[in-house]
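Visitor: I would like a close look at a single part of this model. Please pick one stretch and follow it through, with the cut-offs for each term.

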Amino acid sequence: RALQLDAELPLAHQARAATLRMMARVPEALRAAETAVRLAPGDADNLAVLAWVQVAAGQTDAARSTIDMALPLYPIAPVYINNFEADVRWAARDNGAALAATDRCIERAPRYAYCRLTRAIVLFELNRLDEAKREAEMYRTLQPNASRASFGTFAAAPDLGGARLDVVDGV
């Protein structure tokens, strides 16, 4: 509805991008996120949402570059941005930076389930299996009704989604 009222409203495009990304409609989400950034290129949230969508589209190098542009624009990054950063770093196979981002997230919000999930995945890939199992159990405690689908949907990058599912099966 916001886009009907003002097609040049960056926040409306950002919200549309996030919604479409969660619906696994990645190509549409990417167009909406790119539009939000075009309309307000200095908006950190627009850049962060674009990076999050780029990961889902399998554009990991672009996502890393985009999150690197977004992070300095935050005086203090919101917790969900630490989670976005962790997902980007993990997708780019930079597990050390991904783990550090989950640490920042969990330090500020210990019950932030998706940071726990990403942390479990990173620890699993680092072969720190006992820690990965504890994080996966914490995630399951926080999200007891989570389905396999909630462990990661990467419609345009199924190898990334598959890697997340490996953790569920492996710990």
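Guide: What follows starts with the whole chain, then turns to one helix and its partners.

This is a predicted model, so local features need pLDDT of at least 70 and side-chain atom pairs count only at pLDDT 80 or more, while totals for chains, interfaces and linings use all residues. Residues are numbered from 1 along each chain as its sequence is written, and side-chain values use heavy atoms, with hydrogens and water left out.

First, the setting. The protein has ten helices and zero strands; helices (H or I, at least four residues) and strands (E, at least two) are DSSP runs, numbered from the N terminus. Of its 171 residues, 49% are buried. Buried means under 20% relative accessible area, exposed over 50%, and partly exposed in between (1.4 Å probe, protein chains only). Take contacts between residues at least 6 apart in sequence: 55% of them join residues at least 24 apart. Here a contact means heavy atoms within 4.5 Å.

Now helix 6. It has 13 residues, which at 1.5 Å a residue should span 18 Å; its end C-alpha atoms are 19 Å apart, which agrees. The expected span is 1.5 Å times one less than the number of residues. Twelve of the 13 residues of helix 6 are buried, so the helix is largely enclosed by the rest of the structure. The buried set mixes side chains: among them are Asn82, Asn83, Glu85, Asp87 and Arg89, along with Ile81, Phe84, Val88 and Trp90. Just after helix 6, Arg93 takes a positive phi of about 65°.

Helix 6 feeds the largest nonpolar core, which has 40 residues. Such a core is a set of buried Ala, Val, Leu, Ile, Met, Phe, Trp, Tyr and Cys residues joined through side-chain atoms within 4.5 Å. Ile81, Phe84, Val88 and Trp90 are among the residues with the most contacts inside this core, as is Ala48. Helix 4 gives the most to this core, with ten residues. Leaving aside neighbours within four places in sequence, Ala48 is in contact with Ile67, Ala70, Tyr74, Ile81 and Phe84.

Helix 6 also touches on a second, separate core of five residues, which includes Val79, Cys105, Ala109 and Cys115. A disulfide (cysteine sulfur atoms within 2.5 Å) joins Cys105 to Cys115, with S to S at 1.8 Å. The link is right-handed, with 95° about the S-S bond. Cys105 lies in helix 7 and Cys115 in helix 8, ten residues apart. Cys105 is buried at 0% relative accessible area, and Cys115 is buried at 0% too.

Last, the rings. Rings of Phe, Tyr and Trp (its six-membered ring) pair if their centres lie within 6.5 Å; planes under 30 degrees apart count as stacked, over 60 as edge-to-face and the rest as tilted. Three aromatic pairs meet this rule. Trp52 and Phe84 have ring centres 4.8 Å apart and planes at 5°, so the pair is stacked. Trp52 lies in helix 4 and Phe84 in helix 6, so the pair ties together parts 32 residues apart in sequence. Tyr80 and Phe84 have centres 5.6 Å apart and planes at 80°, so this pair is edge-to-face. Both lie in helix 6, four residues apart, about one turn of the helix. Tyr80 is partly exposed at 31%, whereas Phe84 is buried at 10%. Trp52, Tyr80 and Phe84 form one aromatic cluster.
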